[in-house]
Amino acid sequence: MKTKFFISDVDGTLVDRMPIYAQTFAELVAPFGVKPEIAKKYYYESALGSLSGEFAEILSKHNVTFIESDLERLYWEFFEKVEKENIKLFPGVKETLQTLKREGLKLCATSGSRTAPLETLFAKKGLFFDVVLGSDREFAKGDAHITFFARFFGVVREEFCRNA
């Protein structure tokens with residue numbers, strides 16, 4: 001069976017944003033009394049969850065009282081800061097994706113980041129994905145993204161998974 005689809009995460013896989021993310025996370029929770037080194041360590045250990053959930057958990061662990069609007073504000077500030085940074089691709093990413101594309105694979109990017117800034121970043125870096133899906137749409141990264149990709153390409157989910 002020939003592979004038809006390629007799915008890649010973005011942060012920590014294609015681009016090196018994890019240090020920027022950890023630093024920004026630490027800066028945003030510092031005014032709540034969370035020490036930067038603790039916040040960075042926490043971020044690296046929990047970065048697979050939802051960002052708002054990560055803010056809520058670290059603030060709760062430090063006995064900080066907050067309301068939902070605090071989490072929303074932190075979420076938007078986080079992305080406003082990191083999206084201004086100069087992001088570097090990991091070595092070989094562009095060449096590898098170009099090779100996959102030449103081989104006829106459909107390229108999918110899945111991320112916990114926001115979709116539109118990812119599309120802009122990819123355009124600037126010369127990365128051409130068939131579909132980019134962040135977690136700012138109606139569902140978070142994970143199983144729902146796989147279902148979305150299958151529908152996008154007009155195939156049933158099981159077929160998509162067998163060929164990815």
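# Notebook: helix crossings, a small set of strands, and a few single residues

I began with helix 1 and helix 2 (residues 36-46), whose axes come within 8 Å and cross at roughly 130°. A reminder to myself before going on: this is a predicted model.

**Entry 1: helix 1 with helix 2**

I wanted a word for that angle. The oblique class takes in angles over 115 and up to 145 degrees, and helix 1 and helix 2 are therefore oblique to each other. I also looked up the hand, and the crossing of helix 1 and helix 2 is right-handed. Next I listed who makes the contact. From helix 1 I noted M18, P19, Y21, A22, Q23, F25, A26 and V29, and from helix 2 I noted P36, A39, K40, Y42, Y43 and Y44.

**Entry 2: helix 1 with helix 3**

I then turned to helix 1 (residues 18-29) and helix 3 (residues 51-61), where the axes come within 11 Å and the crossing angle is roughly 50°. That makes helix 1 oblique to helix 3. Here I found a right-handed crossing for helix 1 and helix 3. On the helix 1 side I wrote down F25, L28 and V29, which meet L51, E54, F55, I58 and L59 of helix 3. I was pleased to see F25 and V29 in this list, since I had already noted F25 and V29 in the contact with helix 2.

**Entry 3: the sheet**

How many strands form the open sheet, and in what order? I found 3 strands in the order 1-2-3, with parallel pairing. At the edges I see strand 1 and strand 3 (131-133); each has a single partner strand, so one side of each is left without a neighbour in the sheet. I noted an average twist of 15° from one strand to the next.

I went through the pairings in turn. Strand 1 and strand 2 run parallel and are joined by 5 bridges. As an example I picked F5, whose bridge partner in strand 2 is K106. Strand 2 and strand 3 also run parallel, joined by 3 bridges. Here I noted that C108 stands opposite V131 in strand 3. I checked the cover on strand 2 as well, and 4 of its 5 residues are buried.

**Entry 4: helices on the sheet**

Which strands does helix 6 (residues 115-125) lie across? I found helix 6 across strand 2 and strand 3, running at about 135° to strand 3. Helix 7 (residues 143-152) packs on the sheet too, and I noted that it touches strand 1, strand 2 and strand 3. The direction of helix 7 makes about 155° with that of strand 3.

**Entry 5: helix 5**

I looked for the buried residues of helix 5 (residues 93-102) and found V93, L97 and L100. Seen down the axis of helix 5, these residues fall within an arc of 60°, so they line one face of the helix. I asked what covers them, and the cover includes strand 1 (5-9) and strand 2 (106-110). That ties helix 5 back to the sheet entry for me, as strand 1 and strand 2 are the pair joined by 5 bridges.

I also looked at T96, which is found in helix 5. T96 is partly exposed, with a relative accessible area of 46%. I took one distance from T96: E159 is 63 residues apart from T96 in sequence, and the two are 24 Å apart in space, C-alpha to C-alpha. Just after helix 5 I stopped at G104, which takes a positive phi of about 95°.

**Entry 6: two more single residues**

Is N63 buried or exposed? N63 sits in the loop between helix 3 and helix 4 (68-82). At 72% relative accessibility, I have it down as exposed. The backbone of N63 caught my eye as well: its phi is positive, about 55°, although N63 is not a glycine.

Last, I went back to helix 2 for E45. I noted E45 as exposed, with a relative accessible area of 58%. E45 and Y75 are 30 residues apart in sequence, and I noted 18 Å between them in space, C-alpha to C-alpha.

Terms used:
Residues are numbered from 1 along each chain as its sequence is written. This is a predicted model: local features need pLDDT of at least 70, side-chain atom pairs count only at pLDDT 80 or more; totals for chains, interfaces and linings use all residues. Side-chain values use heavy atoms; hydrogens and water are left out. Buried means under 20% relative accessible area, exposed over 50%, partly exposed in between (1.4 Å probe, protein chains only). Helices (H or I, at least four residues) and strands (E, at least two) are DSSP runs, numbered from the N terminus. The arc is that of the directions from the helix axis to the C-beta atoms. Contact means heavy atoms within 4.5 Å. Two strands pair if DSSP finds at least two bridges between them. Axes are lines fitted to C-alpha atoms, for helices over the stretch in contact, and angles run from 0 to 180 degrees between N-to-C directions. Angles under 35 degrees count as roughly parallel, over 145 as roughly antiparallel, 65 to 115 as roughly perpendicular and the rest as oblique. A crossing is left-handed if the near helix is turned anticlockwise from the far one by less than a right angle, and right-handed if clockwise.
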